[in-house]
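Q: Please examine the structure shown below, and let us ask of each term what justifies its use.

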Amino acid sequence: MRIGAHVDSADPLAEAAARGAEAVQFFLTDPQKYNSPKPREDAERIRASEVDVYVHAPYIINVASPNNRIRIPSRKLLMAHARAAAELGAKGLIVHGGHVGAGADLEAGFVNWRKAFEYAENDGGLPLPVLIENTAGGDNACARRFDALSRLWEAVGSFGAGFCLDTCHAFAGGEDLVGIVDRVKAITGRIDLIHANDSKGGFDSGQDRHDNLGSGKIDTELVVAAIRASGAPAIVETPGGVEGQTADIALLRERAGN
Ligand SMILES: [Zn+2]
């Protein structure tokens, strides 16, 4: 069982060591900006490391958007991050499911998702798996409720899209965590990564506010059960720096490992 944390991007391997983590996730650029990643001096060290690496794409990316001033740069930025993540030997690039905005037709979001994968294919192909993550909120979100996720997968499943299940986002997004792995797999056929987070917001609150395991509104056993049932690696995206995340990792290793 590979368990790790979302860490600062300056020296992810040192952050992994500080937490005793077997996996790390980090951003390559400011997550709120349309910046293309630059080559990293530690790329070879990261590639050679035993630590599994995941890269989280900027939050600002929304390939589902009906607004072409958001959608087109988002597609290009996703591809740039995919290439840079592959340079680091990353196992996947995580990107949020996106949304079409209030009043817009959600179907356009699914069509735009398919176009994003087609754009990637025409631009040399994705050099690593893109893992679409479920979201807690968003106006007309493509991957909050699983009825939408099901329609999204009809659009992108054939391109080999992967899936990242965030337990905070599922709970706050209004999807019951009991039996969630089976429900997701019936749609996507796969779970590549679990984001193992507790939630400060209540069930179906729509709030994307992560908490340390056992400190928020989620029964930790349901997070543990999701990791066990999926057999997927887990990344905690929880507060508290080294101390808080080390405790969360230890808890998961103790209860989900065997
Ligand atoms: Zn997440």
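A: Two strands are said to pair if DSSP finds at least two bridges between them. In this predicted model, Gly4 stands opposite Ala23 in β2.

Q: How do you know that β1 and β2 pair, and in which sense do they run?
A: Pairing requires at least two bridges. Three bridges join β1 to β2, and these strands run parallel; the requirement of at least two bridges is therefore met.

Q: What makes β2 and β3 a pair?
A: The criterion is again at least two bridges. Strand β3 covers residues 52-56, and β2 pairs with it over five bridges in the parallel sense. One of the residue pairs is Val24 with its bridge partner Val53 in β3.

Q: What joins β6 to β7?
A: Three bridges join β6 (residues 162-166) to β7 (residues 193-195), and the two strands run parallel. Within β7, Leu193 is the bridge partner of Cys164.

Q: Which strands make up the closed barrel?
A: The barrel has eight strands, in the order β1-β2-β3-β4-β5-β6-β7-β10, with parallel pairing. From one strand to the next, the twist averages 30°.

Q: What makes the connection from β1 to β2 right-handed?
A: A crossover is right-handed if, with the strands pointing away from the viewer, the path from the first strand over the helix to the second runs clockwise. β1, helix α1 (residues 12-19) and β2 make a β-α-β unit of this right-handed kind. A right-handed β-α-β unit is also formed by β2, helix α2 (residues 43-48) and β3.

Q: Why is β2 called largely enclosed?
A: Buried means under 20% relative accessible area. Five of the five residues of β2 (residues 23-27) are buried, so the rest of the structure largely encloses this strand. Ala23, Gln25 and Phe27 point one way from β2, Val24 and Phe26 point the other way, and all are buried.

Q: Where does helix α9 lie?
A: Helix α9 (residues 241-256) lies across β1 (3-6) and β10 (234-236), and runs at about 155° to β1.

Q: Why is the protein called as compact as a globular protein of its length?
A: The secondary structure comes to nine helices and ten strands. The radius of gyration is 17 Å, close to the 18 Å given by the globule rule for 258 residues, so the protein is as compact as a globular protein of that length.

Q: How much of the protein counts as buried?
A: With the cut-off of under 20% relative accessible area, 54% of the 258 residues count as buried.

Notes: Residues are numbered from 1 along each chain as its sequence is written. This is a predicted model: local features need pLDDT of at least 70, side-chain atom pairs count only at pLDDT 80 or more; totals for chains, interfaces and linings use all residues. Side-chain values use heavy atoms; hydrogens and water are left out. Helices (H or I, at least four residues) and strands (E, at least two) are DSSP runs, numbered from the N terminus. Axes are lines fitted to C-alpha atoms, for helices over the stretch in contact, and angles run from 0 to 180 degrees between N-to-C directions. Contact means heavy atoms within 4.5 Å. Buried means under 20% relative accessible area, exposed over 50%, partly exposed in between (1.4 Å probe, protein chains only). The radius of gyration is taken over C-alpha atoms; the globule rule is 2.2 Å times the number of residues to the power 0.38.
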